[in-house]
Amino acid sequence: MARVAVIGAGIVGACCAFTLVREGHAVILIDPAEPGGPHAASHGNGAWFSPASVVPMSLPGLWRQLPGMLLSREGPVRLRPAALPGLAPWLLRFLRAGATPKRARAIAAALGPLLQGCADRHAQLAEAAGVPSLVVRRGLLYAYRDRAAFEREAFAWRLRREQGVVWHTAEGERLRALAPSLADGLRFGAHVPAGGHCTDPGAYVAALVAASERAGAQRLRGTALGLRLQDRRLRAVLTARGEVPCEVAVIAAGIAAGGLARQAGDRVPLAAERGYHAVFDAQGLPVPVPVMPADGRMANTPTRHGLRVAGQVEFAPAGAAPDWRRAELLARQARRLWPPLREAPLRSRWMGERPSTPDGLPVLGRASGCADVLHAFGHGHVGMAAAPASAQFLADLLAGRAPALDPEPYRAARFRLA
Ligand SMILES: Cc1cc2nc3c(=O)[nH]c(=O)nc-3n(C[C@H](O)[C@H](O)[C@H](O)COP(=O)(O)OP(=O)(O)OC[C@H]3O[C@@H](n4cnc5c(N)ncnc54)[C@H](O)[C@@H]3O)c2cc1C
């Protein structure tokens, strides 16, 4: 069993720490911030555990729509012009990643095994961590104006079917039972029964970390500044509070992972895809199942704090202040979607950064320059859902077991060839 330093305590680091400590490794979890806090993407996301998220963000033909989308003030994607020079190479790679049906299909095939059974995996982790009520398995609903709008997304649903995703279409009474207060304009739904959601992602991350500590993991409140390597072997993680000697390090630092990965021999193009949420006090609004409307692309999720409406992609220069108009836009869309919310005040709003690779696949597995360093970052839009399978993959690697996943699509070295 190894002494493993896990760098970063978001959902990915928390799942890695909990999985590895339960396998008998001596784990030390390093993060300067409180696990589950609002600084991390894992705090304020849409909270969906969706096996249907296999559809890449980059799809054939997107290049025609993207310029208009990026400049629209009311759409789901926004580019602040000052971000363009730094972002251009990433954007080109992003467009290329899903430019043909074959490429989009390859991404879906790599996301499939990470997302399959994700709600069940989380339910097991939540149970083991003593917080079973934080994971709910009632499925997820994708909502459309009508059947024709659903059929216009036939390619996306074909990709889902190819990855074993099952759904049931719903109209009329059946749709009302799933989403009783939904606006009349949405008359068609696809219910994915294997999906689930988290009622408080921040509390869930904190609970996984606490459970890791109860199982024997240590925590170090500090920033990992670098790796001490000697003859391609890892000796220690360097932190602001001194060296942490270890045999293995897991880089799970979300959007900040790039610098550490470079020290281990891998240059990974990571972009911060900023997202926002707005929370409504939605007492009296029945939302039994989370809903994603096709127009607007935002998760509407019942949480312990109210109805959370999460989405938007914003590219902005590093360190730029949040543009709260993006959260207001989500709130306006939610008021249209749920007529009872028309007069409801907003309870809170939030901005966070998705750690995104151009192909939408995480970077998992051994670093190119040092086999003792394991990557676990770049989960973009699917980090909540994919964290347990990512952690299991690393646990299998460390144990010398044949992993359930083909490691190839997640290797950091794929960006050298692109
Ligand atoms: C609006 C929005 C909606 C989303 N909706 C969903 C959804 O419905 N379903 C889904 O699956 N995904 C969703 N996502 C994506 C998901 O939230 C992310 O992929 C996921 O949270 C990333 O987790 P992480 O642990 O890699 O990073 P983070 O949660 O950002 O955690 C990284 C941690 O590393 C720490 N850290 C950073 N640098 C260092 C360092 N040098 N040393 C030590 N620690 C360090 C940070 O303090 C932080 O705690 C959404 C994201 C957003 C923004």
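Let's start with a strand pairing: strand 4, residues 77-79, runs parallel to strand 18, and three bridges join them. One contact there is Leu79, whose bridge partner in strand 18 is Phe315. Keep in mind that this is a predicted model.

Stay with strand 18. What else pairs with strand 18? Strand 15 does, in the antiparallel sense, over six bridges. Here Phe280 has Leu307 of strand 18 as its bridge partner. Strand 17, residues 298-303, also pairs with strand 18, antiparallel, over six bridges. On that side, Pro302 stands opposite Leu307. Strands 17 and 18 form a hairpin, with two residues between them.

Now, is strand 18 enclosed or open? Of its 10 residues, 10 are buried, so strand 18 is largely enclosed by the rest of the structure.

On to the aromatic rings. How many aromatic pairs does the structure hold? The count is 10. I'll show you two.

Pair one is Phe150 with Phe188. Their ring centres are 5.0 Å apart and their planes meet at 35 degrees, so we call this pair tilted. To be stacked, the planes would have to be under 30 degrees apart; to be edge-to-face, over 60. Where do these two sit? Phe150 is in helix 7, residues 147-151, and Phe188 is in strand 8, residues 188-192. The pair therefore ties together parts that are 38 residues apart in sequence. Phe150 is buried, at 9% relative accessible area. Phe188 is buried too, at 0%.

Pair two is Tyr276 with Trp324. The centres are 5.8 Å apart and the planes are at 80 degrees, so this pair is edge-to-face. Tyr276 belongs to strand 15, residues 271-280, while Trp324 is in the loop between strand 18 and helix 12. That is why the pair ties together parts 48 residues apart in sequence. Tyr276 is buried, with 1% relative accessibility. Trp324 is partly exposed, at 27%.

Back to Phe150 and Phe188. Which cluster do they belong to? They form one aromatic cluster with Trp48, Tyr142, Tyr144, Trp157 and Trp167.

Last stop: Arg160. Its charged end sits over the ring of Trp157, 4.2 Å from the centre. Arg160 also lies over the face of Tyr142, at 5.1 Å from that ring centre. Both Trp157 and Tyr142 are in the cluster I just named.

To recap: strand 18 pairs with strand 4 in parallel, and with strands 15 and 17 in the antiparallel sense. Thanks, everyone.

Key:
Residues numbered from 1 in each chain as written. Predicted model: local features only at pLDDT ≥ 70, side-chain atom pairs only at ≥ 80, totals over all residues. Heavy atoms only, no water. Phe/Tyr/Trp six-rings, centres within 6.5 Å; stacked < 30°, edge-to-face > 60°. Helix = DSSP H or I, 4+ residues; strand = E, 2+ residues; numbered from the N terminus. Buried < 20%, exposed > 50% of the residue type's maximum accessible area, 1.4 Å probe, protein only. Lys NZ or Arg CZ within 6 Å of the ring centre and 35° of its normal. Pairing = 2+ DSSP bridges.
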